[in-house]
Amino acid sequence: MVVEASNGEYRAGDQVWLQQHDVADAAKVMNRDVLAARAGGRFAFGRLIASDGNGVTLLPPASGQRPVTVENPVWIAAAEMLVRKL
């Protein structure tokens, strides 16, 4: 994933490498930054703070934003590596 605009700890131009996981394995990536697939080809990104049988709740990287709940995501992908150009 390429960051287009600075947001939270991520800067424009950063590359975030992600590893895809099943939603059932969400407990393994709790409290990590994840990308969640939403309906209609959209995505949500943030810190995974909760997971239940119906969806996942993410805390966006920018301060002051409210948590986002993604209902029935097809998959989630956890951030594994941050690549930043010098």
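**Exercise 1. Aromatic pairs**

Determine how many aromatic pairs the structure holds, and classify each by its geometry.

*Solution.* The predicted model holds two aromatic pairs.

Step 1. In the pair of Tyr10 and Phe45, the ring centres lie 5.6 Å apart and the planes stand at 70 degrees, so the pair is edge-to-face; the cut-off for this class is over 60 degrees.

Step 2. Tyr10 belongs to the segment before S1 and Phe45 to strand S3 (residues 43-52), so this pair ties together parts 35 residues apart in sequence. Both residues are buried.

Step 3. For Phe43 and Trp75, the centres are 5.9 Å apart and the planes are at 45 degrees, so the pair is tilted. Phe43 lies in strand S3 and Trp75 in the loop between S5 and S6, so parts 32 residues apart in sequence are tied together. Phe43 has 47% relative accessibility and counts as partly exposed.

**Exercise 2. The sheet**

State the strand order of the open sheet and identify its edge strands.

*Solution.* Step 1. Six strands form the open sheet in the order S1-S6-S2-S3-S4-S5, and their pairing is antiparallel.

Step 2. Strand S1 (15-21) and strand S5 (68-71) each pair on one side only and are therefore the edge strands. On average, neighbouring strands are turned by 50 degrees against each other, direction ignored.

Step 3. S1 is joined to strand S6 (residues 76-83) by seven bridges; Gln15 stands opposite Val83 in S6.

**Exercise 3. The largest pocket**

Describe the volume and lining of the largest pocket.

*Solution.* Step 1. The largest pocket contains about 190 Å³ of space.

Step 2. Its lining includes Met1, Glu4, Asn7, Tyr10 and Phe45. By class, the lining comprises seven nonpolar residues, one polar and one charged.

Definitions and conventions
Residues numbered from 1 in each chain as written. Predicted model: local features only at pLDDT ≥ 70, side-chain atom pairs only at ≥ 80, totals over all residues. Heavy atoms only, no water. 1 Å grid on protein atoms, 1.4 Å probe; cavity = no way out; pocket = protein on both sides within 12 Å on 5 of 7 lines; lining within 4 Å. Points joined across faces, edges and corners; volume = space filled by probe spheres on them. Nonpolar A, V, L, I, M, F, W, Y, C, P; charged D, E, K, R; others polar. Pairing = 2+ DSSP bridges. Helix = DSSP H or I, 4+ residues; strand = E, 2+ residues; numbered from the N terminus. Axes fitted to C-alpha atoms, helices over the stretch in contact; angles between N-to-C directions. Phe/Tyr/Trp six-rings, centres within 6.5 Å; stacked < 30°, edge-to-face > 60°. Buried < 20%, exposed > 50% of the residue type's maximum accessible area, 1.4 Å probe, protein only.
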